[in-house]
Amino acid sequence: MRILFVANGFPPSAFAGVELHTYQVCRALADRQRVGVFCRTAGLRQPEFSLQHDEYEGLPVWRVTNNFLDVDRYDGYYLSHEAEVHFAHVLKEWRPQLIHFQHCLGLSARLPEIGQAHGIPSILTLHDYWYICPTVQLRTARGRFCPGTHHGPNCFECVSFANPALTWLHRTWLYQQTRRHLPDSIKQAAAAGWRLLQKQSAPMTSEPTTPRPLTSVQARAIATRVSVMQRALSFPLRLTAPSAFVKEVYVEFGLAAERIEVIPLGMDWSWWRGSPRRAKENRAGLRFAYLGGLLAHKGVEVVIRAFQSIAGDNHELRLHGFDSVDAHFNRSLEVLIQTDRRIRKFGPYAHADVPRLLSEVDVLLIPSLWHETFSFVAREAVLAGVWILASDVGAIREVVVPGQTGQRVPPGDVAAWASAMRATIESWPPPEPPAELPFPMLTHAQYATHLEALYMSVLVRH
């Protein structure tokens with residue numbers, strides 16, 4: 001079977017969640033199927049919306065460059081005529097028998113329709129909320145939970161548009177020639193600086209404020225996005241979701257429940273066989289840890305403030321992860337961290353480091369301020385036998401079972417988080433983990449087997 005995967009990125013240029021998952025699925029299938037990848041890529045080496053063809057570990061990959069530098073319309077964040085033309089070209093050239101849409105972000109929401117027009121059946125995985133929210137997270141610009149575009153929020157407060165003068169400059173022949181001959185280091189620095197200027201940083205608090213009223217033009221633009229996305233999701237013959245929560249969100253968006261199959265994402269269990277574990281004896285001091293990006297929507301500020309109210313020099317908070325692109329947020333965190341010598345910041349880590357990092361801590365903190373769609377780190381903590389304190393949001397509820405794998409805490413509530421930390425200290429050690437996992441988990445091979453069965457059912461139906 002010849003299968004084309006569509007994703008918002010792919011190694012070696014992108015190794016985040018969906019990109020890494022797409023790579024792992026491709027590797028799991030490559031021994032039995034012919035697999036190719038059509039994806040978005042970022043960077044200034046190639047002209048905007050150009051198409052490059054290469055191979056990665058024997059897999060053919062077509063990459064469309066999109067840096068979002070010149071988006072001056074609302075639909076520019078989810079539609080691209082250039083990406084659609086390139087996609088149609090790849091379909092004609094490579095002739096896949098089936099398309100698996102992992103993500104269309106940075107490409108175009110019309111790709112499923114184009115696949116249908118070429119007579120190629122497809123499935124689509126709902127990894128996150130991009131089809132419902134332009135910023136993916138279902139959070140307002142002020143950090144509050146958002147019900148989605150179909151409920152009429154002011155999405156224009158959450159997105160920013162390119163300066164018209166700079167957009168015109170970027171499209172001139174002189175600019176294109178100058179950019180082509182600049183060193184990559186200067187290009188990347190200029191792009192990073194421009195993104196910071198464009199970015200509307202979310203406040204570090206979620207205090208309720210009155211949103212700006214929508215104009216009639218803005219309201220129509222948002223309504224159009226809803227109809228485009230609902231239409232896009234009608235073309236794949238089957239949809240999959242990584243968690244029951246994500247399925248519920250998309251059913252509320254208008255999709256038929258019977259079209260969506262919940263398949264938990266595959267994981268590498270071999271890391272956890274015989275991995276060292278920190279003993280849970282009744283010690284005087286506990287080691288709390290946060291693993292993940294030090295980002296506003298991840299709630300890292302909440303647990304820092306909560307930990308600072310915990311008495312005792314023998315307790316420790318470890319922060320592992322990369323900094324935000326928001327320089328103001330980074331500075332604010334640094335100020336908080338410097339006021340408490342018990343807080344240690346270790347910086348970025350590789351995914352292969354997770355077993356070791358978890359073996360060195362007592363409690364994992366997951367203070368998300370958005371509805372997590374799956375949470376690998378929560379599952380990894382359970383496999384490592386680490387107690388979890390996590391926000392009571394999204395798919396985390398399916399992993400953190402109170403009294404068995406951890407405790408849930410109201411999101412963003414510093415006092416509640418401090419109380420949960422104190423209760424954990426006072427009641428240590430926690431209960432032993434259950435003999436059987438309270439949620440389903442699949443290896444990469446098992447996940448690939450599920451997909452192949454789904455592919456065959458789609459081909460038969462087609």
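In this predicted model, strand S10 (residues 287–291) lies in parallel pairing with strand S11 (residues 316–320), and five bridges link the two. Within this pairing, Ala289 of S10 has Arg318 of S11 as its bridge partner. The path between these strands can be followed too: S10, helix H9 (residues 300–308) and S11 together form a β-α-β unit, and this unit is right-handed.

S10 also pairs with strand S13 (residues 363–366), again in parallel, through two bridges. Here Phe288 is found opposite Val363 of S13.

How many of the five residues of S10 are buried? Five of the five are, so the strand is largely enclosed by the rest of the structure. It helps to recall that side chains in a regular strand alternate between the two faces of the sheet. In S10, both faces are covered: one side carries Arg287, Ala289 and Leu291, the other carries Phe288 and Tyr290, and all of these residues are buried.

Attention now turns to the nonpolar cores. In soluble globular proteins, nonpolar side chains tend to be buried together. The largest nonpolar core in this model contains 51 residues, and Phe38, Phe87 and Trp130 are among those with the most contacts inside it. Several elements give two or more residues to this core, including strand S1 (2–7), helix H3 (111–117) and helix H7 (216–232). Helix H2 gives the most, with six residues. A second core, separate from the largest one, has 30 residues. Phe288, the S10 residue that stands opposite Val363, belongs to this second core, as do Val302, Phe307 and Leu365.

Technical notes:
Residues numbered from 1 in each chain as written. Predicted model: local features only at pLDDT ≥ 70, side-chain atom pairs only at ≥ 80, totals over all residues. Heavy atoms only, no water. Buried < 20%, exposed > 50% of the residue type's maximum accessible area, 1.4 Å probe, protein only. Helix = DSSP H or I, 4+ residues; strand = E, 2+ residues; numbered from the N terminus. Pairing = 2+ DSSP bridges. Right-handed = clockwise from strand over helix to strand, strands pointing away. Core = buried A, V, L, I, M, F, W, Y, C linked by side-chain atoms within 4.5 Å.
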